[in-house]
Amino acid sequence: MKTKEKAEELVNKFSDLEDGEMYIGKAKQCALIAVDEILKNSVGYNAYDGVIDNDISADDNYWEEVKQEIEKL
């Protein structure tokens with residue numbers, strides 16, 4: 001999924017909370033928190049074998065771009 005589509009999907013999911021009455025600003029904040037948690041937890045630690053994986057940077061770039069797209073909405 002493209003980063004802009006993922007950003008829109010996340011914001012839309014959070015805007016559907018509270019019977020669809022959540023303000024877009026709050027939905028964006030929630031989506032940004034979710035992306036920050038993903039980035040915080042993707043430091044390259046492989047939970048299966050406890051090994052640091054330096055190849056995770058491509059995934060981090062994707063989520064950084066998603067974060068930028070959320071901020072643009």
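**Group meeting: helix H1 and its partners**

Let me start with one residue. Ala-7 touches Val-66, Glu-69, Ile-70 and Leu-73, not counting residues up to four places away in sequence. Keep in mind that this is a predicted model.

Now the helix around Ala-7. H1 runs over residues 3–15, 13 residues in total. From first C-alpha to last, H1 reaches 18 Å. That is close to the 18 Å expected at 1.5 Å a residue. Which residues of H1 are buried? They are Thr-3, Lys-6, Ala-7, Leu-10, Val-11 and Ser-15. Note that Lys-6 is on that list.

Take Thr-3 next, which lies in H1. Thr-3 has 14% relative accessibility, so it counts as buried. What is Thr-3 in contact with, leaving aside its neighbours within four places in sequence? The partners are Tyr-62, Glu-65, Val-66 and Glu-69. Val-66 and Glu-69 are also touched by Ala-7.

On to the core. The largest nonpolar core has 11 residues. Ala-7, Leu-10 and Val-11 are among them. Ala-27, Ala-31, Leu-32, Val-35 and Leu-39 belong to this core as well. Trp-63, Val-66 and Ile-70 complete the set. Which helices supply it? H1, H3 and H4 each supply at least two residues. The largest share is that of H3, with five residues. Two of the contacts of Ala-7, Val-66 and Ile-70, are core members too.

Now the charges. How many salt bridges does the structure hold? Five. I will go through three of the pairs.

First pair: Lys-13 and Glu-9. Their side chains meet at 4.0 Å, N to O. Both are in helix H1, four residues apart, so about one helical turn separates them. The general point is that an α-helix has 3.6 residues a turn, so residues three or four places apart point the same way. Is Lys-13 buried or exposed? Lys-13 is exposed, at 51% relative accessibility. The cut-off for exposed is over 50%. Glu-9, at 25%, counts as partly exposed. This pair does not stand alone: Lys-6, Glu-9 and Lys-13 are linked in a network of salt bridges.

Second pair: Lys-67 and Asp-36. This salt bridge is 2.7 Å, N to O. Where do the two residues lie? Lys-67 is in helix H4 and Asp-36 is in helix H3, residues 24–40. The pair therefore ties together parts that are 31 residues apart in sequence. Asp-36 is partly exposed, with a relative accessible area of 33%.

Third pair: Lys-72 and Glu-69. The side chains meet at 3.5 Å, N to O. Both residues lie in helix H4, three apart, about one turn of the helix. H4 covers residues 57–72. How accessible are the two partners? Lys-72 is exposed, with a relative accessible area of 62%. Glu-69 is buried, at 16%. Buried here means under 20%, so Glu-69 qualifies. Glu-69 is the residue we met in the contacts of Thr-3 and of Ala-7.

One more distance for Lys-72. What separates its C-alpha atom from that of Lys-4? The value is 9.4 Å, for residues 68 apart along the chain.

To recap. H1, H3 and H4 each put at least two residues into the largest nonpolar core. Lys-67 and Asp-36 form a salt bridge, with one residue in H4 and the other in H3. Ala-7 of H1 is buried and touches Val-66, Glu-69, Ile-70 and Leu-73.

Technical notes. Residues numbered from 1 in each chain as written. Predicted model: local features only at pLDDT ≥ 70, side-chain atom pairs only at ≥ 80, totals over all residues. Heavy atoms only, no water. Expected span 1.5 Å × (residues − 1). Buried < 20%, exposed > 50% of the residue type's maximum accessible area, 1.4 Å probe, protein only. Contact = heavy atoms within 4.5 Å. Core = buried A, V, L, I, M, F, W, Y, C linked by side-chain atoms within 4.5 Å.
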